[in-house]
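Student: I would like to learn how to read the sheet and the disulfides of a model. Could we go through them in turn?

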Amino acid sequence: SCYTAVIATNPDFVLNLMSRGCPLAVLLLRLHARGAPVDNPLGKEQQKLQIGVLGGSISWGQNVKERERYSNILARSLNATVINAAVPATGVSTASLCLETLLPEWRSLDVFVIEYAFNDALRTTPVHVHDGSNKYLEPLPSLERLLCTLLLQPDRSPPLVIVLAVCEFIHSKCQTLFHDVTEDYRMAGVIELSIWDAPAPKPGRPFFNHSQAGHWHPTNWGHSAIATLLQGAISILREPVTRGASKIPLVPRCLHDEFGAPWHCLACSYDVHGCPGLRPARADGFALHNLGRSDEEGRGHPKTGWRGVSVGSSLVVALGYADAPRRVVLEALCSYENVGHAIGWLTTTSDPVSHVRVKIDFRWNMQSSQHCLMPITTAPAYANSSLHLEIDSNEGGARGDNQVKVFGVLNQVCRRETC
(Lines give C-alpha, C1' and ligand atoms only; values in the text may rest on other atoms or scores of the structure.)
Protein backbone atom coordinates (compact mmCIF):
# COMPACT_ATOMS: atom_id res chain seq x y z
CA SER A 1 0.00 0.00 0.00
CA CYS A 2 1.01 3.65 -0.23
CA TYR A 3 1.28 3.81 3.55
CA THR A 4 3.63 0.81 3.77
CA ALA A 5 5.76 2.19 0.96
CA VAL A 6 6.06 5.58 2.64
CA ILE A 7 7.08 4.11 5.97
CA ALA A 8 9.69 1.82 4.43
CA THR A 9 11.40 3.88 1.76
CA ASN A 10 13.63 6.89 1.21
CA PRO A 11 12.63 10.43 0.13
CA ASP A 12 13.55 9.94 -3.55
CA PHE A 13 11.24 6.95 -3.82
CA VAL A 14 8.53 8.83 -2.00
CA LEU A 15 8.77 11.72 -4.48
CA ASN A 16 8.31 9.17 -7.24
CA LEU A 17 5.22 7.83 -5.47
CA MET A 18 3.82 11.33 -5.15
CA SER A 19 4.31 11.95 -8.86
CA ARG A 20 2.18 8.84 -9.45
CA GLY A 21 -0.62 10.20 -7.26
CA CYS A 22 -0.01 8.41 -3.96
CA PRO A 23 -1.54 10.83 -1.44
CA LEU A 24 0.34 9.56 1.60
CA ALA A 25 3.71 10.22 0.00
CA VAL A 26 3.51 13.77 1.27
CA LEU A 27 4.10 12.36 4.76
CA LEU A 28 7.83 12.62 4.16
CA LEU A 29 7.67 16.25 3.08
CA ARG A 30 7.42 18.90 5.77
CA LEU A 31 6.31 21.89 3.75
CA HIS A 32 6.41 25.56 4.64
CA ALA A 33 3.50 27.82 3.83
CA ARG A 34 4.06 31.28 2.37
CA GLY A 35 6.75 30.23 -0.12
CA ALA A 36 9.50 29.38 2.39
CA PRO A 37 12.00 26.59 1.67
CA VAL A 38 11.12 23.09 2.78
CA ASP A 39 12.40 22.13 6.23
CA ASN A 40 11.45 19.88 9.10
CA PRO A 41 10.62 21.59 12.40
CA LEU A 42 9.91 18.20 14.00
CA GLY A 43 13.40 16.87 13.24
CA LYS A 44 14.84 17.55 16.71
CA GLU A 45 14.66 14.33 18.67
CA GLN A 46 15.30 16.14 21.95
CA GLN A 47 12.28 18.40 21.58
CA LYS A 48 9.19 16.94 23.23
CA LEU A 49 6.33 17.04 20.75
CA GLN A 50 3.20 18.98 21.65
CA ILE A 51 0.15 17.41 19.97
CA GLY A 52 -3.47 18.59 19.96
CA VAL A 53 -6.47 16.41 19.09
CA LEU A 54 -9.76 17.83 17.79
CA GLY A 55 -12.76 15.69 16.96
CA GLY A 56 -15.88 13.95 18.19
CA SER A 57 -16.73 10.84 20.18
CA ILE A 58 -14.18 8.62 18.42
CA SER A 59 -11.24 10.77 19.50
CA TRP A 60 -12.86 11.43 22.88
CA GLY A 61 -12.88 7.68 23.45
CA GLN A 62 -16.52 6.59 23.49
CA ASN A 63 -16.88 3.08 24.98
CA VAL A 64 -13.21 2.84 26.02
CA LYS A 65 -11.29 3.92 29.11
CA GLU A 66 -9.36 7.16 28.93
CA ARG A 67 -5.99 5.40 29.05
CA GLU A 68 -7.06 3.18 26.10
CA ARG A 69 -7.87 5.91 23.59
CA TYR A 70 -5.42 6.60 20.77
CA SER A 71 -4.34 10.00 22.11
CA ASN A 72 -3.17 8.52 25.40
CA ILE A 73 -1.39 5.64 23.65
CA LEU A 74 0.28 8.16 21.33
CA ALA A 75 1.51 10.20 24.28
CA ARG A 76 3.16 7.14 25.80
CA SER A 77 4.64 5.76 22.59
CA LEU A 78 6.10 9.09 21.42
CA ASN A 79 6.89 10.45 24.87
CA ALA A 80 4.84 13.48 23.77
CA THR A 81 2.42 15.86 25.40
CA VAL A 82 -0.99 15.16 23.86
CA ILE A 83 -3.95 17.41 24.67
CA ASN A 84 -7.23 15.74 23.75
CA ALA A 85 -9.81 18.49 23.12
CA ALA A 86 -12.34 16.26 21.36
CA VAL A 87 -16.02 16.87 22.15
CA PRO A 88 -18.47 13.97 21.75
CA ALA A 89 -21.28 14.44 19.20
CA THR A 90 -19.52 17.28 17.36
CA GLY A 91 -17.76 17.68 14.03
CA VAL A 92 -15.27 20.15 12.65
CA SER A 93 -17.79 23.03 12.77
CA THR A 94 -17.56 23.34 16.55
CA ALA A 95 -13.77 23.04 16.55
CA SER A 96 -13.40 25.65 13.79
CA LEU A 97 -15.47 28.23 15.69
CA CYS A 98 -14.42 27.46 19.28
CA LEU A 99 -10.74 26.58 18.85
CA GLU A 100 -9.66 29.17 21.43
CA THR A 101 -12.09 27.75 23.99
CA LEU A 102 -11.43 24.07 23.33
CA LEU A 103 -7.66 24.29 22.94
CA PRO A 104 -6.23 27.52 24.43
CA GLU A 105 -2.67 26.21 23.88
CA TRP A 106 -3.13 25.71 20.14
CA ARG A 107 -0.60 28.35 19.03
CA SER A 108 2.27 26.49 20.73
CA LEU A 109 1.51 23.01 19.40
CA ASP A 110 3.61 21.15 16.84
CA VAL A 111 1.05 18.65 15.54
CA PHE A 112 -2.73 18.62 15.18
CA VAL A 113 -4.89 15.57 14.59
CA ILE A 114 -8.35 16.45 13.26
CA GLU A 115 -10.98 13.73 13.27
CA TYR A 116 -13.26 13.92 10.23
CA ALA A 117 -16.02 11.40 10.77
CA PHE A 118 -19.71 10.57 10.63
CA ASN A 119 -20.72 13.71 12.52
CA ASP A 120 -19.42 15.63 9.50
CA ALA A 121 -20.80 13.29 6.85
CA LEU A 122 -24.27 13.39 8.40
CA ARG A 123 -24.36 17.14 8.94
CA THR A 124 -27.03 19.09 7.11
CA THR A 125 -27.97 22.73 6.74
CA PRO A 126 -29.48 23.92 10.05
CA VAL A 127 -33.03 22.63 10.09
CA HIS A 128 -34.78 25.99 10.20
CA VAL A 129 -32.64 27.64 7.49
CA HIS A 130 -33.67 27.14 3.88
CA ASP A 131 -31.40 29.49 1.96
CA GLY A 132 -27.65 29.46 1.41
CA SER A 133 -26.74 32.27 3.79
CA ASN A 134 -25.40 30.03 6.54
CA LYS A 135 -23.21 27.67 4.57
CA TYR A 136 -20.25 28.77 6.70
CA LEU A 137 -21.51 26.44 9.46
CA GLU A 138 -21.42 23.33 7.29
CA PRO A 139 -18.54 20.80 7.28
CA LEU A 140 -16.78 21.80 4.06
CA PRO A 141 -16.18 25.49 4.87
CA SER A 142 -15.68 24.59 8.55
CA LEU A 143 -12.80 22.22 7.79
CA GLU A 144 -11.34 24.82 5.45
CA ARG A 145 -11.66 27.52 8.13
CA LEU A 146 -9.97 25.29 10.71
CA LEU A 147 -7.08 24.46 8.37
CA CYS A 148 -6.62 28.14 7.51
CA THR A 149 -6.49 29.07 11.17
CA LEU A 150 -3.95 26.40 12.08
CA LEU A 151 -1.65 26.95 9.11
CA LEU A 152 -1.59 30.74 8.82
CA GLN A 153 0.10 31.54 12.11
CA PRO A 154 2.50 34.52 11.97
CA ASP A 155 6.09 34.32 13.21
CA ARG A 156 6.36 30.53 13.30
CA SER A 157 6.70 27.52 11.04
CA PRO A 158 3.29 26.03 10.26
CA PRO A 159 2.43 22.97 12.34
CA LEU A 160 1.92 19.51 10.98
CA VAL A 161 -1.82 18.95 10.46
CA ILE A 162 -3.16 15.40 10.08
CA VAL A 163 -6.77 14.93 8.98
CA LEU A 164 -7.85 11.50 10.22
CA ALA A 165 -10.71 10.27 8.04
CA VAL A 166 -12.90 7.71 9.76
CA CYS A 167 -15.77 7.13 7.39
CA GLU A 168 -14.48 7.70 3.87
CA PHE A 169 -15.26 4.16 2.67
CA ILE A 170 -18.51 3.87 4.61
CA HIS A 171 -20.32 7.04 3.64
CA SER A 172 -19.81 8.52 0.17
CA LYS A 173 -20.63 12.07 1.29
CA CYS A 174 -17.84 11.94 3.85
CA GLN A 175 -15.38 10.81 1.21
CA THR A 176 -16.37 13.64 -1.14
CA LEU A 177 -16.15 16.37 1.49
CA PHE A 178 -12.89 15.05 2.87
CA HIS A 179 -11.06 14.98 -0.45
CA ASP A 180 -12.50 18.29 -1.72
CA VAL A 181 -10.75 20.17 1.08
CA THR A 182 -7.55 18.23 1.64
CA GLU A 183 -6.74 18.18 -2.07
CA ASP A 184 -6.23 21.96 -1.91
CA TYR A 185 -4.28 21.91 1.34
CA ARG A 186 -2.10 18.86 0.80
CA MET A 187 0.80 20.85 -0.61
CA ALA A 188 0.56 23.27 2.30
CA GLY A 189 1.53 20.54 4.74
CA VAL A 190 -1.81 18.90 5.50
CA ILE A 191 -1.62 15.13 5.76
CA GLU A 192 -4.59 12.88 5.10
CA LEU A 193 -4.79 9.49 6.77
CA SER A 194 -7.63 6.99 6.77
CA ILE A 195 -8.17 4.67 9.71
CA TRP A 196 -8.71 1.98 7.09
CA ASP A 197 -4.95 2.12 6.55
CA ALA A 198 -4.38 1.26 10.22
CA PRO A 199 -3.02 -2.23 10.93
CA ALA A 200 -5.85 -4.69 11.50
CA PRO A 201 -6.11 -6.13 15.03
CA LYS A 202 -5.55 -9.83 15.54
CA PRO A 203 -8.44 -12.25 14.82
CA GLY A 204 -11.06 -12.10 17.53
CA ARG A 205 -10.23 -8.50 18.36
CA PRO A 206 -12.74 -6.31 16.50
CA PHE A 207 -11.75 -2.83 15.36
CA PHE A 208 -15.21 -1.31 15.99
CA ASN A 209 -17.73 -1.70 18.77
CA HIS A 210 -21.10 -2.48 17.17
CA SER A 211 -23.08 -2.76 20.41
CA GLN A 212 -25.12 0.22 19.21
CA ALA A 213 -26.62 -0.08 15.75
CA GLY A 214 -25.20 2.47 13.32
CA HIS A 215 -22.34 3.52 15.63
CA TRP A 216 -18.72 3.19 14.54
CA HIS A 217 -16.72 3.65 17.72
CA PRO A 218 -13.35 1.86 17.86
CA THR A 219 -12.66 -0.72 20.54
CA ASN A 220 -9.49 -0.51 22.63
CA TRP A 221 -7.84 -2.60 19.90
CA GLY A 222 -9.09 -0.14 17.28
CA HIS A 223 -7.63 2.78 19.22
CA SER A 224 -4.32 0.96 19.49
CA ALA A 225 -4.28 0.49 15.70
CA ILE A 226 -5.07 4.18 15.12
CA ALA A 227 -2.25 5.15 17.47
CA THR A 228 0.14 2.93 15.49
CA LEU A 229 -0.95 4.61 12.24
CA LEU A 230 -0.40 8.11 13.66
CA GLN A 231 2.85 7.18 15.37
CA GLY A 232 4.31 5.94 12.10
CA ALA A 233 3.34 9.14 10.29
CA ILE A 234 4.64 11.47 12.99
CA SER A 235 7.84 9.52 13.58
CA ILE A 236 8.83 9.86 9.92
CA LEU A 237 8.77 13.63 10.29
CA ARG A 238 11.45 13.47 12.96
CA GLU A 239 13.95 12.58 10.26
CA PRO A 240 15.25 15.69 8.43
CA VAL A 241 14.20 15.83 4.79
CA THR A 242 15.59 18.40 2.35
CA ARG A 243 14.56 19.28 -1.16
CA GLY A 244 16.80 22.28 -1.62
CA ALA A 245 15.41 25.79 -1.69
CA SER A 246 12.43 25.22 -3.94
CA LYS A 247 9.47 27.44 -3.23
CA ILE A 248 6.20 25.96 -2.05
CA PRO A 249 2.78 27.36 -3.03
CA LEU A 250 1.02 29.55 -0.50
CA VAL A 251 -1.67 28.19 1.75
CA PRO A 252 -4.89 28.49 -0.30
CA ARG A 253 -6.88 31.59 0.50
CA CYS A 254 -9.74 30.70 2.79
CA LEU A 255 -12.94 31.18 0.82
CA HIS A 256 -14.81 32.08 3.99
CA ASP A 257 -12.29 34.46 5.54
CA GLU A 258 -14.92 37.19 5.77
CA PHE A 259 -16.05 35.15 8.76
CA GLY A 260 -12.52 35.08 10.12
CA ALA A 261 -13.08 37.29 13.16
CA PRO A 262 -12.72 35.31 16.40
CA TRP A 263 -15.79 33.72 17.91
CA HIS A 264 -16.66 34.03 21.58
CA CYS A 265 -17.95 30.66 22.78
CA LEU A 266 -20.01 30.38 25.96
CA ALA A 267 -20.08 26.59 26.04
CA CYS A 268 -20.17 23.58 28.33
CA SER A 269 -17.05 21.50 28.83
CA TYR A 270 -16.49 17.84 29.63
CA ASP A 271 -15.05 17.92 33.11
CA VAL A 272 -16.61 17.07 36.44
CA HIS A 273 -17.02 20.66 37.58
CA GLY A 274 -20.32 21.39 35.88
CA CYS A 275 -20.60 23.82 33.00
CA PRO A 276 -18.46 26.86 33.88
CA GLY A 277 -18.40 28.20 30.33
CA LEU A 278 -22.17 28.60 30.07
CA ARG A 279 -23.81 30.29 33.06
CA PRO A 280 -27.34 31.44 32.18
CA ALA A 281 -28.59 34.70 33.62
CA ARG A 282 -31.87 32.90 34.23
CA ALA A 283 -33.01 29.27 33.96
CA ASP A 284 -36.70 28.54 34.56
CA GLY A 285 -37.42 24.85 34.02
CA PHE A 286 -33.90 24.23 32.66
CA ALA A 287 -31.27 22.36 34.69
CA LEU A 288 -27.79 21.02 34.09
CA HIS A 289 -27.92 17.48 32.74
CA ASN A 290 -25.27 14.71 32.63
CA LEU A 291 -23.02 16.06 35.35
CA GLY A 292 -20.40 13.99 37.15
CA ARG A 293 -17.96 11.38 35.98
CA SER A 294 -18.50 9.06 33.04
CA ASP A 295 -15.87 6.53 34.15
CA GLU A 296 -13.47 5.78 36.97
CA GLU A 297 -10.77 7.90 35.35
CA GLY A 298 -12.70 11.10 35.91
CA ARG A 299 -13.87 12.16 32.45
CA GLY A 300 -17.00 14.25 32.28
CA HIS A 301 -20.12 12.93 30.58
CA PRO A 302 -20.72 13.46 26.86
CA LYS A 303 -23.55 15.84 25.99
CA THR A 304 -23.43 17.83 29.24
CA GLY A 305 -25.78 20.78 28.84
CA TRP A 306 -28.73 22.84 30.08
CA ARG A 307 -31.88 20.77 29.51
CA GLY A 308 -35.59 21.58 29.67
CA VAL A 309 -38.54 19.31 28.90
CA SER A 310 -41.70 21.29 29.72
CA VAL A 311 -43.58 23.80 27.62
CA GLY A 312 -42.87 27.33 28.85
CA SER A 313 -39.42 26.49 30.25
CA SER A 314 -37.01 29.32 29.44
CA LEU A 315 -33.31 30.06 29.38
CA VAL A 316 -31.63 33.48 29.21
CA VAL A 317 -27.93 33.88 28.35
CA ALA A 318 -26.28 37.30 28.68
CA LEU A 319 -23.95 38.09 25.79
CA GLY A 320 -22.57 41.33 27.19
CA TYR A 321 -21.74 44.56 25.39
CA ALA A 322 -20.24 45.07 21.92
CA ASP A 323 -19.75 48.20 19.85
CA ALA A 324 -20.34 46.32 16.57
CA PRO A 325 -23.03 43.93 15.31
CA ARG A 326 -22.63 40.27 16.24
CA ARG A 327 -23.79 37.00 14.74
CA VAL A 328 -25.44 34.83 17.39
CA VAL A 329 -25.41 31.03 16.98
CA LEU A 330 -27.04 28.47 19.28
CA GLU A 331 -25.27 25.15 19.91
CA ALA A 332 -27.89 22.58 20.91
CA LEU A 333 -28.93 18.95 20.62
CA CYS A 334 -30.45 17.96 17.29
CA SER A 335 -31.83 14.48 16.76
CA TYR A 336 -34.35 12.39 14.85
CA GLU A 337 -36.15 11.57 18.11
CA ASN A 338 -36.77 12.78 21.68
CA VAL A 339 -36.44 16.51 20.98
CA GLY A 340 -38.94 19.35 20.78
CA HIS A 341 -38.85 22.91 19.50
CA ALA A 342 -38.51 26.39 20.93
CA ILE A 343 -38.69 30.10 20.20
CA GLY A 344 -35.49 32.16 20.29
CA TRP A 345 -35.14 35.92 20.40
CA LEU A 346 -32.75 38.67 21.40
CA THR A 347 -33.26 41.57 23.79
CA THR A 348 -31.08 44.57 24.61
CA THR A 349 -31.05 47.07 27.44
CA SER A 350 -32.61 49.63 25.11
CA ASP A 351 -35.11 47.16 23.60
CA PRO A 352 -36.22 44.73 26.32
CA VAL A 353 -39.01 43.31 24.14
CA SER A 354 -37.71 41.95 20.85
CA HIS A 355 -40.04 41.76 17.87
CA VAL A 356 -37.89 39.26 15.93
CA ARG A 357 -38.59 35.72 17.11
CA VAL A 358 -37.15 32.61 15.48
CA LYS A 359 -38.83 29.21 15.54
CA ILE A 360 -36.19 26.55 16.24
CA ASP A 361 -37.00 22.92 15.51
CA PHE A 362 -34.40 20.56 16.97
CA ARG A 363 -35.63 17.50 15.07
CA TRP A 364 -33.97 16.51 11.81
CA ASN A 365 -34.25 13.51 9.49
CA MET A 366 -30.67 12.25 9.85
CA GLN A 367 -30.20 9.10 11.95
CA SER A 368 -27.90 10.82 14.43
CA SER A 369 -28.04 12.82 17.66
CA GLN A 370 -25.38 15.48 17.90
CA HIS A 371 -24.53 19.09 18.55
CA CYS A 372 -25.96 21.31 15.85
CA LEU A 373 -25.18 24.97 15.21
CA MET A 374 -28.17 27.20 14.53
CA PRO A 375 -27.96 30.87 13.53
CA ILE A 376 -30.48 32.80 15.60
CA THR A 377 -30.17 36.48 14.74
CA THR A 378 -27.81 39.47 14.70
CA ALA A 379 -27.19 41.43 17.87
CA PRO A 380 -27.11 45.22 17.33
CA ALA A 381 -24.05 47.38 17.90
CA TYR A 382 -23.52 49.50 21.03
CA ALA A 383 -25.78 47.34 23.19
CA ASN A 384 -25.82 44.81 26.01
CA SER A 385 -27.64 41.83 24.50
CA SER A 386 -29.21 38.66 25.86
CA LEU A 387 -30.44 35.54 24.09
CA HIS A 388 -33.80 34.13 25.22
CA LEU A 389 -35.00 30.60 24.54
CA GLU A 390 -38.46 29.29 25.42
CA ILE A 391 -39.83 25.79 24.81
CA ASP A 392 -43.12 25.98 22.93
CA SER A 393 -43.63 22.26 22.18
CA ASN A 394 -45.58 19.89 24.42
CA GLU A 395 -45.00 16.40 23.06
CA GLY A 396 -44.40 14.78 26.45
CA GLY A 397 -43.38 11.16 26.75
CA ALA A 398 -41.47 9.07 29.26
CA ARG A 399 -38.24 9.26 27.25
CA GLY A 400 -38.05 13.04 27.23
CA ASP A 401 -39.51 13.50 23.75
CA ASN A 402 -39.94 17.22 24.39
CA GLN A 403 -36.39 17.95 25.50
CA VAL A 404 -34.45 21.03 24.44
CA LYS A 405 -30.78 20.84 25.39
CA VAL A 406 -28.35 23.75 25.06
CA PHE A 407 -24.59 23.20 24.92
CA GLY A 408 -23.47 26.73 24.15
CA VAL A 409 -24.13 30.17 22.73
CA LEU A 410 -21.58 31.46 20.21
CA ASN A 411 -21.20 35.02 18.97
CA GLN A 412 -18.89 36.78 16.55
CA VAL A 413 -18.34 40.45 15.89
CA CYS A 414 -19.09 41.22 12.23
CA ARG A 415 -16.25 42.62 10.17
CA ARG A 416 -18.60 44.19 7.68
CA GLU A 417 -21.09 46.98 8.19
CA THR A 418 -23.90 44.44 8.08
CA CYS A 419 -23.88 40.78 9.05
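**Reading the sheet and the disulfides**

Tutor: Start with a helix packed on the sheet: helix H10 (residues 220–236) lies across E1, E3, E4 and E5, and runs at about 150° to E4. Keep in mind that this is a predicted model.

Student: Which strands does helix H8 lie across?

Tutor: Helix H8 (residues 139–151) lies across strand E1 (50–54), strand E3 (111–116), E4 and E5. The angle of H8 to E3 is about 175°.

Student: What is the order of the strands in the open sheet?

Tutor: The order is E2-E1-E3-E4-E5, five strands with parallel pairing. Strand E2 (81–84) and strand E5 (190–194) stand at the edges; each has a single partner strand, so one side of each is left without a neighbour in the sheet. From one strand to the next, the twist averages 20°.

Student: How should I think about the side chains along a strand?

Tutor: In a regular strand the side chains alternate between the two faces of the sheet. As for enclosure, four of the five residues of E1 are buried, so E1 is largely enclosed by the rest of the structure.

Student: How many bridges join E1 to E2?

Tutor: Four bridges join these parallel strands. E1 also pairs with E3 in the parallel sense, over four bridges. Val-53 can serve as a marker: its bridge partner in E2 is Asn-84, and its bridge partner in E3 is Val-113.

Student: Which residue in E5 does Ile-162 stand opposite?

Tutor: Ile-162 stands opposite Ile-191 in E5. Strand E4 (residues 160–165) pairs with E5 in the parallel sense, over five bridges.

Student: Now the disulfides. How many does a search of the whole structure find?

Tutor: A disulfide is a covalent bond between the sulfur atoms of two cysteines. The search of the whole structure finds three. One of them joins Cys-98 to Cys-265, with an S to S distance of 2.1 Å.

Student: Where in the chain do Cys-98 and Cys-265 lie?

Tutor: Cys-98 is in the loop between helix H5 (92–97) and helix H6 (99–102), while Cys-265 is in strand E8 (residues 263–267). The pair links distant parts of the chain, 167 residues apart. Both Cys-98 and Cys-265 are buried.

Student: Is the link of Cys-98 and Cys-265 left-handed or right-handed?

Tutor: The link is left-handed, with -90° about the S-S bond. The link of Cys-268 and Cys-275 is left-handed too, with -100° about the S-S bond. The sulfur atoms of Cys-268 and Cys-275 are 2.0 Å apart.

Student: Why are Cys-268 and Cys-275 called buried?

Tutor: Buried means under 20% relative accessible area. Cys-268 is buried because its relative accessible area is 12%, and Cys-275 is buried because its value is 6%. Cys-148 also counts as buried, at 7% relative accessibility.

Student: Which cysteine does the disulfide join to Cys-334?

Tutor: The disulfide joins Cys-334 to Cys-372, with an S to S distance of 2.0 Å. With 60° about the S-S bond, this link is right-handed. Cys-334 lies in strand E13 (residues 326–334) and Cys-372 in strand E16 (residues 370–379), so the pair ties together parts that are 38 residues apart in sequence. Cys-334 and Cys-372 are both buried.

How values were computed. Residues numbered from 1 in each chain as written. Predicted model: local features only at pLDDT ≥ 70, side-chain atom pairs only at ≥ 80, totals over all residues. Heavy atoms only, no water. Pairing = 2+ DSSP bridges. Helix = DSSP H or I, 4+ residues; strand = E, 2+ residues; numbered from the N terminus. Axes fitted to C-alpha atoms, helices over the stretch in contact; angles between N-to-C directions. Contact = heavy atoms within 4.5 Å. Buried < 20%, exposed > 50% of the residue type's maximum accessible area, 1.4 Å probe, protein only. Disulfide = S-S within 2.5 Å.
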